[in-house]
Amino acid sequence: MRADPRFAAPGDMRLRIGSPALGAGVPVPGGGDRDLYGHPVPDPPNSVAYQEHGV
């Protein structure tokens, strides 16, 4: 992905609403069911560590 992922702030891996990274990931077998922040991983996942719908 070459687009701006629209992180919430510098050093903050949460994504803003409208980010092109939302729902742009690929499920990883055995990758776990929670993200870095404890949120459930959706299908399709986001392409970053943050898996919520955006802030």
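**Exercise 1.** In this predicted model, determine how many aromatic pairs the structure holds, and describe the geometry of what you find.

*Solution.* The structure holds one aromatic pair. This pair is formed by Y37 and Y50, with 5.7 Å from centre to centre and 80 degrees between the planes. Since planes over 60 degrees apart count as edge-to-face, the pair is classed as edge-to-face. Both Y37 and Y50 lie in the segment after β2, so the pair ties together parts that are 13 residues apart in sequence. As to accessibility, Y37 is partly exposed at a relative accessible area of 38%, whereas Y50, at 5%, counts as buried.

**Exercise 2.** Decide whether N46 is buried or exposed, and then work out which backbone oxygen atoms its side chain reaches.

*Solution.* Begin with the location: N46 is placed in the segment after β2, the strand of residues 12–15. Its relative accessibility is 8%, and because buried means under 20%, N46 counts as buried. Turning to the polar contacts, the side chain of N46 reaches the backbone oxygen of Y50 at 2.9 Å, and a polar atom of that side chain lies 3.0 Å from the backbone oxygen of E52. Beyond residues up to four places away in sequence, N46 touches L15, A21, L22, G23, A24, G25, Q51 and E52.

**Exercise 3.** Identify which residues form a nonpolar patch on the surface together with Y37.

*Solution.* The patch consists of F7, M13, L36 and Y37, which together have about 370 Å² of accessible area. Of these, F7 belongs to strand β1, residues 7–9, and is partly exposed at 31% relative accessibility.

Methods
Residues are numbered from 1 along each chain as its sequence is written. This is a predicted model: local features need pLDDT of at least 70, side-chain atom pairs count only at pLDDT 80 or more; totals for chains, interfaces and linings use all residues. Side-chain values use heavy atoms; hydrogens and water are left out. Helices (H or I, at least four residues) and strands (E, at least two) are DSSP runs, numbered from the N terminus. Buried means under 20% relative accessible area, exposed over 50%, partly exposed in between (1.4 Å probe, protein chains only). A polar contact is a pair of N or O atoms within 3.5 Å; within protein, one must be able to donate a hydrogen and the other to accept it, and residues adjacent in sequence count only if both atoms are side-chain atoms. Contact means heavy atoms within 4.5 Å. Patches are made of residues with over 30% relative accessible area and no salt bridge: like charges are joined within 9 Å, nonpolar side chains (Val, Leu, Ile, Met, Phe, Trp, Tyr) within 5 Å. Accessible areas come from the Shrake-Rupley method with a 1.4 Å probe; for residues, only the protein chains shown count as cover. A salt bridge is a side-chain nitrogen of Lys or Arg within 4 Å of a carboxyl oxygen of Asp or Glu. Rings of Phe, Tyr and Trp (its six-membered ring) pair if their centres lie within 6.5 Å; planes under 30 degrees apart count as stacked, over 60 as edge-to-face and the rest as tilted.
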